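Here is a short dialogue between a learner and a teacher on how to read features in a structure. Please keep the sequence and the model in view while you follow it.

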Amino acid sequence: EIPRVTGVQTCALPISAIGEVVLQPGSLRGSEGGPLPSSASTGAQMVASTLAVAVVAVLGARVTKKSVTCRATAVKKKGVRVVEGKEIPWNLFSPKAPYQGKVVKNKVQEHTITKPNSDAPGDANWETAHVTFDHGGNVPYIEGQSIGIIAPGPDKKGETPAKIRLYSIGSSAVGDFEDSKTVSLCVKRVVDVEEEKWPLKHFNREVGEDKPDKAGTHFPNNKVYRGVCSNHICDMNVGDDVLITGPTGAEMLLPEDPNANIIMLATGTGIAPMRSYMRLLFNDKVGEAADGTRKFKGKAWLFMGVPYANSLLYDDEHVEYKTKYPDQFQYDYAISREQKNEAGQKMYIQTKMAEYTEELWNLMQDSKTHVYMCGLKGMEQGMEECFSEIASKNNLVWKDFAKQMKKDHRYHVEVY
């Protein structure tokens, strides 16, 4: 099972001296959160005290201003990291001292959110689950961050408990219940089944040992490898305990500008950070302006790639956003094993984007446009295939253009 780390959106929500996340009016990033755990609050109070000492020193003896300021800024808050000048929650809980949360029922997305295509071993990886944990407001996070989950194990190396696995968060900062007390993950159950033409290098179920999982899937006549952490999460029931670490991640950064445009590319569970963004932009109360419109004024365009229509994730939410905000939200799906383009090619994300090459290219020329990419590594190569020709027509090289976008903090990539 591949550990996946997706990025973090920096936060326009400064963590105050008393350890409380404060909403900054007019900012696109982040949302209201609850109080930080005592360790983070203590660190915040230490910094506040140190800064107060610095102010007194400056007033009493201006000649010492520089040294006092240096000492004050050197103090680090526990559980906080500064990213692009903003404070965000960071590693409040470690693998040695995780937070124990509980699985709660989610009426927005109830557990298994995909459907099987067949009973064949080749379709063993059909299930993706949306699982929600109650953290009581003790694990604040920002849209785009990740948390770690510790499974009981043993893992592939025989370690008990299993080594931590990182998952990108699929809910906005206020959570699916909008009370800042829950966090949701979008997790694909990893099941590899040995076939004559596909021998397994690693397996943890001998022939006859594979038992039905929560979704009823099992392959008793084959050797099977089940991802330790993904199966641990997908088999969870309401009331089960879960060990959480984090939050962490500092790559996927939503812009503060409410007029920004957002192009999102996701394959499979790479949709998780995108969902966290869209919940904030189009659903949550905290993303609503005083006049009832949304604070977000730009355009959000989602391209999602999956192998089968049964594998589409959060389609109901996408339909709702498009219905409510047709001028601001657009989504396109690339279903690789069921769709083809006019040339007869399988429909991957880059194939679908090629239908809008000129429109997307023009959008990317706007300095307010950001590109977010999460999922399979091939998407980066796909972008080059899609836009190299139009870049060349404009006397540019796509790789150089993409590199400049990264330097401008407009091109955010988390692929694996």
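The turns below take up salt bridges, a helix, aromatic pairs and charges over rings.

Q: What kind of model is this, and how are its residues numbered?
A: This is a predicted model, in which local features need pLDDT of at least 70 and side-chain atom pairs count only at pLDDT 80 or more, while totals for chains, interfaces and linings use all residues. Residues are numbered from 1 along each chain as its sequence is written, and side-chain values use heavy atoms, with hydrogens and water left out.

Q: How many salt bridges are there?
A: A salt bridge is a side-chain nitrogen of Lys or Arg within 4 Å of a carboxyl oxygen of Asp or Glu. By this rule there are 19 salt bridges. One of them joins Arg189 to Asp235, with the closest N and O atoms 2.9 Å apart. Arg189 lies in the loop between strands S8 and S9 and Asp235 in the loop between helix H3 and strand S11, so the pair ties together parts that are 46 residues apart in sequence; helices (H or I, at least four residues) and strands (E, at least two) are DSSP runs, numbered from the N terminus.

Q: Which residues share a network with Arg189 and Asp235?
A: Glu127, Arg205, Asp210, Asp213 and Arg226 are linked with them in a network of salt bridges. Within it, Asp210 forms a salt bridge with Arg226, the closest N and O atoms being 2.7 Å apart.

Q: Is Arg189 buried or exposed?
A: Buried means under 20% relative accessible area, exposed over 50%, and partly exposed in between (1.4 Å probe, protein chains only). Arg189 is buried, at 1%, whereas its partner Asp235 is partly exposed, at 30%.

Q: Why is helix H4 described as largely enclosed?
A: Twelve of the twelve residues of H4 are buried, so the rest of the structure largely encloses this helix. Among them are Ile271, Tyr277 and Phe282.

Q: How many aromatic pairs are there?
A: Rings of Phe, Tyr and Trp (its six-membered ring) pair if their centres lie within 6.5 Å; planes under 30 degrees apart count as stacked, over 60 as edge-to-face and the rest as tilted. The count comes to 16 aromatic pairs. Phe329 and Tyr331 form a stacked pair, at 5.9 Å centre to centre and 25 degrees between the planes. Both belong to one aromatic cluster, which also includes Phe282 and Phe296.

Q: Which ring lies under the charged end of Arg81?
A: A charge sits over a ring if NZ of Lys or CZ of Arg is within 6 Å of the ring centre and within 35 degrees of the ring normal. The charged end of Arg81 sits over the ring of Trp90, 4.5 Å from its centre.
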